[in-house]
Amino acid sequence: MILTLAHDIRDVPAAAWDTLAAPAGLYLSHRWLAAQQHDPTARVRYALVHDDGLLIAAAPLYVVDTEPNALYRVHDLVPDRAPVRTLLAGARRGYLNAPLLHPRLTPDRRREALNRLVAAAGSLADAHQARPWWLYVSGTVAAELADACGTEPVPLGQDARIPLPGSTFDDYLAGLPSKRRVAIRRERRAFAEAGYDLRTLRLSECADSAGALLARLQQRHGQEADPAAMARLLHDQADGMADTGVVLAAYADGRMAGFSLFYRHAGTVWLRATGYDYARLRGAHEYFNLVYYLPAEHAYAHGATALHLGMESLRAKTLRGAVTSPLWAIEGARGHQE
């Protein structure tokens, strides 16, 4: 096995990378990482493990200079950790992470490849006087990674996704308890009767309006948010993701009252953002329709089999059929242990 570090993910063939990344989801996909790699708050390298010319393992490695998102600051997440420079291994945005390993590796080769990634993270961390961490690692690989690192996983939360069986929204409803089916039909009927003008848009078409509503949602939850900055973020995301984001928007009196933004990737619809002009809402369960029901309908129409919802608001998600899996923080091995 040969380990190398690349400076630019665009130098790595997308098909080879995504063969490893497909099970891990959108936030480790080649396109998403390419869209994120010019973030000025961190410097990124890509650890690549090849075996006889085949890419068999990979991980982005971010040397973080400043972290604007508190949910990616280790000292805010893990008890008794002082603020120090951090190297984040794996996905740095999206709250879902895993080391990328070829699905056809034997157990012994898989462990050897994983050890190479762990050692690469530790060595790069040492070179920058940082501590390596893997954040939001899904439960299926967290124990394996923690064993390779020689550390104990720390619980961070739960990831939620709604499986979408069958081929229609009615098939989804059929899997829910009868009382919940009645409630969802009532919420959908109220939304339909509210008379919104529903539009399906490309992100580039509405990033300014969506950014303003995203800022209002964040302000409502006590976070500082500048509408212009949110709009720039969405414009940049549209550019970086080749404008593949889908926006479902509800308009009232010609102006956007609410929206959801999501991406289709590897058979799943990935919810990315939502926002609201609260003065224009009509009390018609706009959140549940824009975040759950309309994206689920879109997923069925495009052959997707799941709706990924991420962390937080778990009760609302599980009431609507979401299944959850644990997420963990894992401190990486230091480079001198290589």
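**Exercise 1. Work out whether Tyr 136 is buried or exposed, and look at its backbone.**

Step 1: Start with accessibility. Tyr 136 has a relative accessible area of 1%. Buried means under 20% relative accessible area, exposed means over 50%, and partly exposed is in between (1.4 Å probe, protein chains only). So Tyr 136 is buried.

Step 2: Find its place. Tyr 136 sits in strand E6, residues 131–138. (Helices are DSSP runs of H or I with at least four residues, strands are runs of E with at least two, and both are numbered from the N terminus.)

Step 3: Check phi. For Tyr 136 it is near 60°, a positive value in a residue other than glycine.

Before you go on: this is a predicted model, where local features need pLDDT of at least 70 and side-chain atom pairs count only at pLDDT 80 or more, while totals for chains, interfaces and linings use all residues. Residues are numbered from 1 along each chain as its sequence is written, and side-chain values use heavy atoms, with hydrogens and water left out.

**Exercise 2. Now do the same for Asp 80: where is it, and is it buried or exposed?**

Step 1: Asp 80 is in the loop between helix H3 (74–77) and strand E4 (86–89).

Step 2: Its phi is near 60°, again a positive value in a residue other than glycine.

Step 3: Asp 80 has 80% relative accessibility, so it counts as exposed.

**Exercise 3. Trace how strands E1, E2 and E3 pair up.**

Step 1: Take E1 (residues 2–6) and E2 (residues 42–51). They pair in the antiparallel sense over five bridges; two strands pair if DSSP finds at least two bridges between them. Try finding one on screen: Leu 5 has Ala 47 in E2 as its bridge partner.

Step 2: Move on to E3 (residues 54–64), which pairs with E2 in the antiparallel sense over ten bridges. Here Leu 48 has Ala 58 in E3 as its bridge partner.

Step 3: Look at the turn. The hairpin of E2 and E3 has two residues between the strands, and Asp 52 takes a positive phi near 55° there.

**Exercise 4. Describe how helices H8 and H9 pack.**

Step 1: H8 covers residues 203–220 and H9 covers residues 227–240; their axes are 7 Å apart and the angle is about 135°. Axes are lines fitted to C-alpha atoms, for helices over the stretch in contact, and angles run from 0 to 180 degrees between N-to-C directions.

Step 2: Name the angle. That makes H8 oblique to H9, since angles under 35 degrees count as roughly parallel, over 145 as roughly antiparallel, 65 to 115 as roughly perpendicular and the rest as oblique.

Step 3: Pick out the touching residues. Among them are Leu 203, Ala 207 and Leu 214 of H8, and Met 230, Leu 234 and His 235 of H9. Contact means heavy atoms within 4.5 Å.

**Exercise 5. Find which residues Thr 268 touches, leaving aside neighbours within four places in sequence.**

Step 1: Locate Thr 268 in strand E11, residues 268–276.

Step 2: List its contacts: Tyr 263, Ala 304, Ala 306 and His 308.

Step 3: Check accessibility. At 12%, Thr 268 counts as buried.

**Exercise 6. How many disulfides are there?**

Step 1: Know what you're looking for: a pair of cysteine sulfur atoms within 2.5 Å.

Step 2: Searching the whole structure gives zero disulfides.

Step 3: Look at two cysteines anyway. Cys 149 counts as buried at 4% relative accessibility, and Cys 206 counts as buried at 3%.
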